[in-house]
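Good morning, colleagues. Please take a moment with the sequence and the structure before I begin.

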Amino acid sequence: PWLKLQSEPIEVLVDMVEVVASVGESSGAATSDGSESSPTRSQMAGTSPTAPLPPSASSAVEPPQAQQPHQGAPHQQTSSWVQSLVHRALLNTNLRVRNVIVKLIDGRVVASLSLRSLEIASADRRWSKGFVELDGPSRALRKLVELEDLTLCLDELNEREQRVARFERPLLRAPLIALRAEFHLNPAARLDRCPTLAFAVQCHRLDASLSETQLVLLAAFAQALQAAAATRAE
């Protein structure tokens with residue numbers, strides 16, 4: 001709502017997200033000569049992080065207030081107003097992600113997490129969705145997170161055919177999970193001793209199942225994760 005950024009939240013909708021990752025393979029891409037192709041931070045920036053700016057560049061980035069002190073006040077007021085507008089709009093942005101699938105594959109083990117929808121919205125003191133302001137001297141911000149139709153599966157993959165021959169029952173299945181999160185951006189202004197960050201999870205129903213095959217796959221998957229972590233640490 002471009003004309004109501006100070007009264008209505010921005011809606012961000014993402015549809016059809018699928019992520020497939022392999023645990024056993026290295027995350028760094030290699031070039032033809034065997035060296036890694038992922039750039040460093042300094043290469044991505046284009047300059048060395050400790051290299052000084054040349055005189056022409058340093059003078060170019062000087063704020064206009066230092067050169068023209070009598071003409072900087074209107075610019076500062078406009079910039080402050082724009083920053084306040086953007087800050088309020090970002091704090092009240094609502095995010096909705098639909099149809100999410102995340103798969104982790106290692107050899108014959110396939111772990112998959114699926115969601116019908118994920119929604120993150122701002123809430124007031126009564127945990128009602130809406131356009132809110134930071135509350136109190138501690139500048140409290142409350143967010144509602146709702147997960148719909150969360151399913152966690154663990155199946156055995158036929159390495160030769162690269163498909164699952166027999167699907168097991170899901171490890172976990174929850175029709176609806178509601179998460180309430182409360183942040184205090186200025187915790188020093190609080191008079192009580194409540195935590196700066198607090199979570200509350202509500203799950204209306206949770207179904208769990210673990211077969212003998214899944215128990216073996218779970219042990220193999222845990223070993224693969226430990227091996228991948230050890231390799232990355234080296």
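Aspartate 149 is found in strand 4. I should say at once that the model before you is predicted. What is the sign of phi at aspartate 149? It is positive, at about 55°, although aspartate 149 is not a glycine. As a general point, most residues other than glycine have a negative phi. With a relative accessibility of 25%, aspartate 149 counts as partly exposed.

A second residue belongs under this heading. Arginine 139 also has a positive phi, near 55°, and again the residue is other than glycine. Its place is the loop between strand 3 and strand 4. Arginine 139 is partly exposed, with 36% relative accessibility.

Let me now set these residues within the fold. The protein contains five helices and eight strands. In sequence order the pattern reads β-α-α-α-α-β-β-β-β-β-β-β-α. Of the 234 residues in the protein, 23% are buried. The accessible surface comes to about 16800 Å², and carbon and sulfur atoms account for 56% of it. Among contacts with a separation of 6 or more, 65% are between residues 24 or more positions apart.

I turn next to helix 5, which covers residues 212-233. Helix 5 has 22 residues and reaches 32 Å from its first C-alpha to its last, close to the 32 Å expected at 1.5 Å a residue. Which residues of helix 5 are buried? They are Gln214, Leu217, Phe221 and Ala224. Viewed down the axis of helix 5, the buried residues fall within an arc of 80°, and therefore they line one face of the helix. Against what do these buried residues pack? Their partners are strand 2 (94-106), strand 3 (109-123) and strand 4 (140-158). On the face of helix 5 turned away from the buried side, we find the exposed residues Glu212, Gln223, Gln226 and Ala233.

Gln214 also brings us to arginine 169. Arginine 169 is in contact with Ser209 and Gln214, if its neighbours within four places in sequence are left aside. Arginine 169 itself lies in the loop between strand 5 (163-164) and strand 6 (172-184). Is arginine 169 buried or exposed? Arginine 169 is exposed, at a relative accessible area of 62%. Its C-alpha atom is separated by 9.0 Å from that of alanine 208, and the two residues are 39 residues apart along the chain.

The next topic is salt bridges. How many salt bridges does a search of the whole structure find? The search finds 13. I shall take three pairs in turn.

In the pair formed by aspartate 15 and arginine 98, the closest N and O atoms are 3.5 Å apart. Aspartate 15 lies in strand 1 (residues 11-22) and arginine 98 in strand 2, so this salt bridge ties together parts that are 83 residues apart in sequence. Both partners are partly exposed: aspartate 15 has a relative accessible area of 37%, and arginine 98 has one of 35%.

Arginine 88 forms a salt bridge with glutamate 133, and here the closest N and O atoms are 2.3 Å apart. This pair links distant parts of the chain, 45 residues apart, with arginine 88 in helix 4 and glutamate 133 in the loop between strand 3 and strand 4. Arginine 88 is partly exposed, with a relative accessible area of 22%. Glutamate 133 likewise counts as partly exposed, at 47% relative accessibility.

The third pair returns us to strand 4. Glutamate 148 forms a salt bridge with arginine 116, with 4.0 Å between the closest N and O atoms. Glutamate 148 is in strand 4 and arginine 116 in strand 3, so placed that the pair links distant parts of the chain, 32 residues apart. Glutamate 148 is partly exposed, with a relative accessible area of 32%. There is also a network: salt bridges that share partners join Arg125, Asp135, Arg142 and Glu182.

I shall close with the surface of helix 4. Which residues make the nonpolar surface patch of about 400 Å²? The patch is made by Trp81, Val82, Val86 and Leu90. Tryptophan 81 has its place in helix 4, residues 73-91. Arginine 88, from the second salt bridge, is in helix 4 as well.

Thank you for your attention.

Terms used. Residues are numbered from 1 along each chain as its sequence is written. This is a predicted model: local features need pLDDT of at least 70, side-chain atom pairs count only at pLDDT 80 or more; totals for chains, interfaces and linings use all residues. Side-chain values use heavy atoms; hydrogens and water are left out. Patches are made of residues with over 30% relative accessible area and no salt bridge: like charges are joined within 9 Å, nonpolar side chains (Val, Leu, Ile, Met, Phe, Trp, Tyr) within 5 Å. Accessible areas come from the Shrake-Rupley method with a 1.4 Å probe; for residues, only the protein chains shown count as cover. A salt bridge is a side-chain nitrogen of Lys or Arg within 4 Å of a carboxyl oxygen of Asp or Glu. Helices (H or I, at least four residues) and strands (E, at least two) are DSSP runs, numbered from the N terminus. The expected span of a helix is 1.5 Å times one less than its number of residues. Buried means under 20% relative accessible area, exposed over 50%, partly exposed in between (1.4 Å probe, protein chains only). The arc is that of the directions from the helix axis to the C-beta atoms. Contact means heavy atoms within 4.5 Å.
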